[in-house]
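Here is a small set of exercises to work through with the structure open beside you. Try each task before you read its solution.

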Amino acid sequence: MFSFFKKKKKEEPKEEVELLEPAVTETEKEDEKKEDIETTKIIENNVENNVEEIIQEEEIQAVEKVIEIKEEVAEVKEEKKGFFSRALEKTFASIKTVVPMKKEKISFDDIEELLIEADVEYEIIEKAMDGLPEEITRKQLRHRLVMLFEHAPIIDMTNLPRPYVRLIIGVNGAGKTTTIAKLANKFKSEGSSVILGAGDTFRAAAIEQLSTWAEKIDVPIIKTKQGHDSSAVAYDTISSAVARNIDNVIIDTAGRLQTQTNLNNELKKIVKVCEKAQIGAPHQKLMILDGTQGNTAIAQARAFNEMVGIDGIIVTKLDGTAKGGALFSISNRLELPIFYVGVGEKQTDLIEFSPDDFVDSLLDEIYTEEK
Ligand SMILES: Nc1nc2c(ncn2[C@@H]2O[C@H](COP(=O)(O)OP(=O)(O)OP(=O)(O)O)[C@@H](O)[C@H]2O)c(=O)[nH]1
Ligand SMILES: [Mg+2]
């Protein structure tokens, strides 16, 4: 019995091995190989297709991103144009008395008249319209009007000296102190640091006025007592900015007329002292012009330009005037760029000036054609 079972047990595994490993024929081997090759091909194809799909997806995403950016740019442009339209409401109202209905082409005489209505100087109008036909298209006029701002600045904003010093100058009541608040607010909201210098030590309450703005916007301010040396304030503000690694210095100055010799000598001294505090400073001497004065502001700016040299213009109070067209003459006659325009009394009422957007918003009022 025992030996029988023993024998049987020995035979069982042999049968199992034979069952699990059947003999593989040559043809079967070849079939397997073919199958393997087929599978590899399928895998390779899938990988290729997937890679293509991924690339396509990436391309689609890139195109979508470009579209998104373009839409954002268009939105900002529209917003800016909207800003100009609101700010120039009075100027546009006077233009519309000449061309009440939008048209595809406007006669030479009407364009001439509406530019006069908007307070563009006649000499500038003649220059802009020289050689234009009897019936003028939007494109023709746009080109000529944008050309009047050929002194647009080319400033590498990515590589500014630090601190970047702006000296604010102009006649009494032009809007200097308010514009300083607007600029400080803008820079701060863009993430740059700002320090103000209360350089108007002449007018009573001027220091107080700028201090109130500084507190409201929450930026530091350097000040002294009324009647003290304003160039010392400029020096201290720049030194403080250097020590504290602040990006922007904005220095207020007293309002003055080109005829006030003492005050004008003081202004020259401020400029010199800025240079002592930091080589190259002040980097921008910005002339603030009251937009409600229209073309008369040009003579003021000229006098200041001769006195200390101006780098750019900011035109204020555009919201309260029908003389918005004076921007053409101001920039062209002074051969200076307009950097910003003030369109109200709040700290946010400042628009970065762009000749394209300004001209487009004006043409939108009178032309039907889009571009
Ligand atoms: N509507 C309007 N008012 C403005 C604008 N900018 C300034 N103002 C007003 O103009 C007046 C004079 O502004 P300031 O900023 O004090 O002018 P300033 O040049 O510093 O004046 P002085 O220091 O006296 O020479 C204030 O009542 C401001 O609110 C503007 O863009 N629009
Ligand atoms: Mg002031």
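**Exercise 1. Find out how far the model can be trusted.**

Start with the overall confidence: this is a predicted model, its protein has a mean pLDDT of 86, and 90% of the residues reach 70 or more. Next, look at the start of the chain. Over residues 1-21 the pLDDT stays under 50, and the model has zero contacts beyond four places in sequence for this stretch.

**Exercise 2. Work out the strand order of the open sheet and say why its edge strands have a free side.**

First, trace the sheet from one end to the other: eight strands line up as β5-β4-β6-β3-β7-β8-β9-β10, with mixed pairing. Then look at the two ends. β5 (221-222) and β10 (350-352) each have a single partner strand, so one side of each lacks a neighbour in the sheet.

Now step inside and take one pair. Strand β3 (residues 164-169) and strand β7 (residues 284-290) run parallel and are joined by four bridges. Within this pair, I168 has L286 of β7 opposite it.

**Exercise 3. Describe how helices α4 and α5 meet.**

Begin with the geometry. The axes of α4 (residues 108-117) and α5 (residues 122-129) come within 10 Å of each other and cross at roughly 145 degrees. The crossing of α4 and α5 is right-handed.

Then list who touches whom: α4 contributes F108, I111, E112, L115 and I116, while α5 contributes Y122, I125 and M129. Finally, sort these residues by class, which gives seven nonpolar, no polar and one charged.

**Exercise 4. Characterise the surroundings of ligand 1.**

Count the shell first: 21 residues lie around ligand 1, and G175, T177, T178, G255 and G342 come nearest. Next, ask which element supplies the largest share of that shell. Helix α7 (residues 176-189) does, with three residues. To finish, split the shell by class: three nonpolar, 11 polar and seven charged residues.

**Exercise 5. Locate the backbone features that depart from the usual pattern.**

Recall the background before you search: most residues other than glycine have a negative phi, and most peptide bonds are trans.

Check the peptide bonds first. The bond joining R162 and P163 is cis, with omega about 0 degrees, and P163 is found in the loop between α6 (138-147) and β3. A second cis bond runs from A281 to P282, with omega near -5 degrees; P282 has its place in the loop between α10 (261-277) and β7.

Then turn to phi. D218 is not a glycine, yet its phi is positive, about 65 degrees. You will find D218 in the loop between α8 (206-217) and β5.

Note on methods: Residues are numbered from 1 along each chain as its sequence is written. Chains are lettered from A and ligands numbered from 1 in the order in which they are written. This is a predicted model: local features need pLDDT of at least 70, side-chain atom pairs count only at pLDDT 80 or more; totals for chains, interfaces and linings use all residues. Axes are lines fitted to C-alpha atoms, for helices over the stretch in contact, and angles run from 0 to 180 degrees between N-to-C directions. Helices (H or I, at least four residues) and strands (E, at least two) are DSSP runs, numbered from the N terminus. A crossing is left-handed if the near helix is turned anticlockwise from the far one by less than a right angle, and right-handed if clockwise. Two residues are in contact if their C-beta atoms, placed from the backbone, lie within 7 Å. Ala, Val, Leu, Ile, Met, Phe, Trp, Tyr, Cys and Pro count as nonpolar, Asp, Glu, Lys and Arg as charged, and the others, Gly among them, as polar. A residue is near a molecule or strand if its C-beta atom, placed from the backbone, lies within 6 Å of it. pLDDT is the predictor's confidence in each residue, from 0 to 100. Two strands pair if DSSP finds at least two bridges between them.
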